[in-house]
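Subject: Structure handover

Hello,

Here is the structure I promised to pass on to you. Please have a look at it first, and my notes follow below.

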Amino acid sequence: MNNLIVKCYSGHTYAEKPRSFEWGGVEYEVEEIEKAWVEPGERHFLVRTGGNKSFKLCYNEAKDRWSIIEVGRS
């Protein structure tokens, strides 16, 4: 399992806007948040990084844990 470390902007609440993340030993800068939504206990972000790679980042508030799914290239 690859470790995921997300750096994000946090204003009124934690995890308002992911700015970069490290996954599998690679650092990715978030170029654009294409979509953001909230589900009970979770914050979801569809982000695009350099090289037009897309990822879905999810922050689980109860577990205080991020998860990631590589969606592909835009």
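To start with a small puzzle: which side chain does the side chain of Ser20 join in a polar contact? The partner is Glu27, at 3.4 Å; a polar contact here is a pair of N or O atoms within 3.5 Å, where within protein one must be able to donate a hydrogen and the other to accept it, and residues adjacent in sequence count only if both atoms are side-chain atoms.

Before going on, please keep in mind that this is a predicted model, in which local features need pLDDT of at least 70 and side-chain atom pairs count only at pLDDT 80 or more, while totals for chains, interfaces and linings use all residues. Residues are numbered from 1 along each chain as its sequence is written, and side-chain values use heavy atoms, with hydrogens and water left out.

Back to Ser20, which sits in strand E2, residues 17-23 (strands, E, are DSSP runs of at least two residues, numbered from the N terminus). Ser20 is buried at a relative accessible area of 6%; buried means under 20%, exposed over 50%, and partly exposed in between, with a 1.4 Å probe and protein chains only. Leaving aside residues up to four places away in sequence, Ser20 touches Ile5, Val6, Lys7, Glu27, Tyr28, Glu29 and Val30, where contact means heavy atoms within 4.5 Å.

Now the core. The largest nonpolar core has 15 residues, and those with the most contacts inside it are Leu4, Phe21, Leu57 and Trp66. Strands E1 (4-9), E2, E3 (26-39), E4 (42-49), E5 (53-60) and E6 (65-73) are the elements that give two or more residues to this core. By nonpolar core I mean a set of buried Ala, Val, Leu, Ile, Met, Phe, Trp, Tyr and Cys residues joined through side-chain atoms within 4.5 Å. Not counting residues up to four places away in sequence, the contacts of Leu4 include Phe21, Leu57 and Trp66.

How many disulfides does the structure hold? The count is zero, a disulfide being a pair of cysteine sulfur atoms within 2.5 Å. The sulfur of Cys8 has its closest cysteine sulfur in Cys58, 13 Å away, which is too far for a bond. Cys58 counts as buried, at 8% relative accessibility.

Salt bridges come to four, each being a side-chain nitrogen of Lys or Arg within 4 Å of a carboxyl oxygen of Asp or Glu. In one of them, Arg48 pairs with Glu32, with the closest N and O atoms 2.7 Å apart. Arg48 lies in strand E4 and Glu32 in strand E3, so this pair ties together parts that are 16 residues apart in sequence. Arg48 is buried at 18% relative accessibility, whereas Glu32 is partly exposed at 36%.

Arg43 and Glu61 also meet through their side chains in a salt bridge, 3.5 Å from N to O. Arg43 is in strand E4 and Glu61 in the loop between E5 and E6, so parts 18 residues apart in sequence are tied together. Here too the burial is mixed: Arg43 counts as buried at 18% and Glu61 as partly exposed at 40%.

A further salt bridge joins the side chains of Lys53 and Glu70 at 3.9 Å, N to O. This pair links strand E5, which holds Lys53, to strand E6, which holds Glu70, across 17 residues. Glu32, Glu34 and Arg48 are joined into one network by salt bridges that share partners.

Best wishes

Key
Helices (H or I, at least four residues) and strands (E, at least two) are DSSP runs, numbered from the N terminus.
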